[in-house]
Amino acid sequence: MRTVRSRPVIGTGVNRVDGPRKVTGTAPYPMDFDVPGQVYAALVQSTIAAGRILRIDTEAAEASPGVVTVLTHTNAPRLKRAPVSKLGASPPPPLQDDRILHYGQHIAVVVAETPEQATAAARLVSAEYEPTEPLLDLMDPRAPQVDDPWGTDHSRGDAAAALTTAEVMVEATYTTADNTNNPLGPFATLASWDGGHLTVHDTTQWPFLVRGTLAAVFGVPESSVRVLAPYVGGGFGAGLRVWPHVILTVAAARLLQRPVKLVLTRPQMFTSVGHRPKTVQRISVGATRTGDLVGIDHRSVSPVAMEDEDYEPVASGTASAYACENVFTQDRQARLNIPDPTSMRAPAQAQGNFALESALDELAYKLGVDPLDLRLRNYAEIHPVHSLPWSSKALRECYEVGAQRFGWYARNPVPGSMRDGNWLVGYGVAGVSYPWFAMDCYAQVTVHRDGSALVRSAATDIGTGTYTVMTQLSAECLGLHLGQVRFDLGDSDMPVAPQAGGSGLTAALGNAVFDACHQLLRRFAELASGDRESPLYGVAPEAVEATQGHVHPIGRPRLGETYTDILGRHELPELAANGHSRPRSQDELGMAPAGAFGAKFVEVRVDAELGLVRVARAVSVIDGGRILNEKTARSQIIGGTVGGIGMALLEDTVTDVPSGRIANGTFGDYLIPVNADVPDMDVVFVGDPDRGSPVGTKGVGEVGIVGVAAAVANAVHHATGKRIRSLPITLDALL
Ligand code: MOS
């Protein structure tokens with residue numbers, strides 16, 4: 001397999017190519033687009049969690065200044081539910097009947113000439129309900145159960161039998177809280193119909209999903225729908241589904257035959273675009289007295305909304321984390337009257353890892369061994385589920401490098417033994433094995449007569465650095481410098497790309513770009529090798545490469561000529577090629593495709609009297625395969641770690657019982673880490689390019705958050721002797 005060689009452009013921490021556009025305010029986010037004649041939508045949301053609408057009064061709203069229309073379930077068009085995508089099914093379309101399934105459900109949309117008029121009129125819509133008792137408790141036996149919807153439950157060996165013979169055992173229940181994605185950019189949709197053709201600017205991580213979903217819901221061909229998202233103000237997973245407000249905006253635009261724009265408010269962001277579902281996890285881990293794992297049983301329950309199909313296999317990551325012959329994992333869901341949960345950065349893994357890596361810490365204390373040594377002792381040298389070598393795995397190096405940089409072995413293992421004045425000091429560690437995920441991806445590359453290149457794919461850059469790393473990779477493959485390459489994305493009219501999600505985009509898109517560039521190079525070489533006037537005459541087309549804008553035989557840069565020379569002699573304005581990447585299965589590779597790995601080391605300080613927890617240091621050592629840009633990759637790990645500190649210590653989306661209202665649905669009330677909560681962070685990348693693909697990257701968008709919560713909880717235990725099994729760890733638990 002032809003692979004990328006490290007040359008100057010890849011790997012170096014170049015600045016974001018879209019940075020100047022962002023800091024000068026010229027990068028248009030979905031809410032920044034305007035179309036002549038557009039009107040504005042505002043949502044009306046349910047104030048009960050379950051029941052039905054008896055009467056909805058829209059008269060006052062309709063009579064309000066500037067109002068163009070008010071849609072409710074009584075007059076909204078009937079819509080089909082969109083088909084299932086690779087990441088699950090879309091939520092049911094809105095305004096289809098009088099039933100209320102959660103607090104904050106959209107019950108009307110008001111459209112007016114200005115946003116202020118729409119917002120004012122939306123307040124005039126009043127509804128009369130027939131409420132029923134909502135199901136809000138995850139452990140409520142009346143909640144309808146969903147068993148293993150994707151077949152991800154795992155069983156090998158006989159975990160139950162192994163656990164009965166274990167010499168040392170930990171059995172405990174861990175819980176994690178509802179968290180809300182809260183990207184900074186409010187979600188926005190601008191929809192305009194031109195006859196049967198629909199154009200939508202939307203906050204999404206996946207333009208092709210939006211295109212396919214809207215085509216199905218509105219009964220038009222996919223080719224009649226164009227979805228644009230050149231800039232997205234963050235997503236953390238919230239942009240992986242097509243939400244009811246998007247469908248409402250498109251429906252209103254079609255009815256009115258006018259462009260309609262909707263921007264969610266921050267409180268609406270808490271109920272309209274998903275959240276990380278809470279979990280209750282029961283885990284049993286058994287070992288021999290010398291610390292060899294003999295059995296793991298990990299069962300999780302998490303909520304799903306009443307008619308939704310979202311799913312997170314919370315316990316599943318445990319199956320491939322350690323060398324252990326007897327493992328059982330099980331995921332169950334309970335249907336509740338809550339807004340739709342959805343993927344939030346490292347869905348399932350962030351929660352499941354907390355239970356597993358906390359339980360291992362408990363086991364280490366019971367065994368009297370070092371928590372890091374326990375992990376190394378049970379290191380999975382081959383993939384424990386597939387029994388194949390990993391396509392890459394440098395987790396051991398993560399542990400070793402991290403332990404050294406952090407000073408792990410200076411730790412006195414006795415809980416409560418390390419002190420700095422009034423602060424109890426604790427060190428905690430967690431290991432992370434992030435699952436591999438990939439989808440098909442396409443890209444197109446064009447080199448113009450002036451020697452510049454345009455590369456395109458319908459991907460998105462949700463702040464992760466896609467524009468930048470793909471510009472670098474294209475430049476590297478084409479032998480151009482960064483300023484000669486433009487990478488365009490965020491338009492469903494471009495070649496098909498998967499979601500910016502599952503930490504899979506950089507690998508899928510990178511390999512597609514790599515393929516496209518090599519196809520194009522070959523086209524240039526074919527032109528030149530058949531041309532007596534070319535210095536490449538007679539050279540085998542597959543034996544060329546490009547450096548500094550020259551196409552030349554591999555390793556012989558002096559023998560070539562420029563793209564411009566070739567295009568000029570053939571009187572061509574440009575030459576283009578398409579590229580494709582597809583995930584390769586373990587059967588094809590003879591290896592288990594590996595995602596990223598990581599080790600997290602955290603120092604906490606706990607105020608002995610007040611129970612206040614501060615994270616003092618965090619070291620993240622990550623095996624992300626080939627790192628295309630050290631700076632943007634580091635930024636992903638830093639951001640993930642900050643998110644992890646939030647999950648560990650602060651974030652908790654509180655549902656009021658029995659109303660079902662989100663009680664803290666603003667940035668004033670929902671706590672996230674601010675600068676004062678975030679310590680200096682050390683981020684190190686280790687490992688080699690992954691052997692499973694030509695470019696060899698593994699995604700680093702999610703691995704950074706995983707393990708932080710367990711490392712913090714383990715450090716809190718080390719500092720205080722208190723084992724906190726419920727997130728977030730707030731000071732009341734430590735008093
Ligand atoms: Mo991520 S939750 O796959 O954006």
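Let's start with a small sheet: three strands in the order β22-β23-β24, open, with antiparallel pairing. β22 and β24 stand at its edges with a single partner strand each, so one side of each has no neighbour in the sheet. Keep in mind as you look around that this is a predicted model.

How do the strands of this little sheet hold on to each other? β22 covers residues 544–547 and β23 covers residues 550–553, and four bridges pair the two in the antiparallel sense. You can pick out individual partners: alanine 546 stands opposite valine 551 in β23, and threonine 547 has histidine 550 in β23 as its bridge partner. The hairpin of β22 and β23 has two residues between the strands, and there glutamine 548 takes a positive phi near 45°. On the other side of the sheet order comes strand β24 (residues 561–562), which is joined to β23 by two bridges and runs antiparallel to it. Find histidine 550 again: its bridge partner in β24 is threonine 562.

Now bring in a helix. α12 packs on this three-stranded sheet, touching β22, β23 and β24, and its direction makes about 110° with that of β22.

α12 also leads us to another sheet. This one is open too, has four strands in the order β21-β20-β19-β25, and its pairing is mixed. The edge strands, each pairing on one side only, are β21 (485–488) and β25 (574–581). If you ignore direction, neighbouring strands here are turned by 15° against each other on average.

Inside the four-stranded sheet, take a look at β19 (residues 441–448) and β20 (residues 453–456). These two run antiparallel and are joined by four bridges. Threonine 446 stands opposite leucine 454 in β20. Helix α12 (residues 505–529) packs on the sheet, where it touches β19, β20, β21 and β25, and its direction makes about 140° with that of β25. Another helix, α11 (residues 466–478), lies across β19, β20 and β21 and runs at about 135° to β21.

How do α11 and α12 sit against each other? Their axes are 9 Å apart and the helices pack at an angle of about 30°. Angles under 35 degrees count as roughly parallel, and α11 and α12 are therefore roughly parallel to each other. Their crossing is right-handed. If you want to see the contact for yourself, the residues on the α11 side are Thr466, Val469, Met470, Leu473, Ser474, Cys477 and Leu478, and those they meet in α12 include Leu505, Leu509, Val513, Phe514 and Leu521. What kinds of residues make up the contact of α11 with α12? They divide into 12 nonpolar, four polar and no charged.

Next, try another pair of helices, α8 (residues 349–367) and α16 (residues 708–720). Their axes come within 8 Å and cross at roughly 30°. α8 and α16 are therefore roughly parallel to each other, and their crossing is right-handed. On α8 the contact is made by Asn353, Phe354, Glu357, Ser358, Asp361 and Tyr365, while α16 brings in Ala709, Ala710, Ala713, Asn714, His717 and His718. Sorted by type, the residues of the contact of α8 with α16 come out as five nonpolar, five polar and two charged.

Time for some rings. The structure holds 12 aromatic pairs. In one of them, the ring centres of tryptophan 193 and phenylalanine 218 are 6.0 Å apart and the planes are at 70°, so the pair is edge-to-face. Tryptophan 193 lies in strand β10 (residues 188–194) and phenylalanine 218 in helix α5 (residues 207–218), so this pair ties together parts that are 25 residues apart in sequence.

Finally, here are a few backbone details to hunt for. The peptide bond from valine 657 to proline 658 is cis, with omega near 10°, and proline 658 lies in the loop between α15 (630–649) and β28 (680–686). The peptide bond from leucine 727 to proline 728 is also cis, with omega near -5°; proline 728 lies in the segment after α16. And in the loop between β3 (67–72) and β4 (99–100) you'll find leucine 95. Its phi is near 60°, a positive value in a residue other than glycine.

Definitions and conventions: Residues numbered from 1 in each chain as written. Predicted model: local features only at pLDDT ≥ 70, side-chain atom pairs only at ≥ 80, totals over all residues. Heavy atoms only, no water. Axes fitted to C-alpha atoms, helices over the stretch in contact; angles between N-to-C directions. Parallel < 35°, antiparallel > 145°, perpendicular 65-115°, else oblique. Left-handed = near helix turned anticlockwise from the far one by under 90°. Contact = heavy atoms within 4.5 Å. Nonpolar A, V, L, I, M, F, W, Y, C, P; charged D, E, K, R; others polar. Pairing = 2+ DSSP bridges. Phe/Tyr/Trp six-rings, centres within 6.5 Å; stacked < 30°, edge-to-face > 60°.
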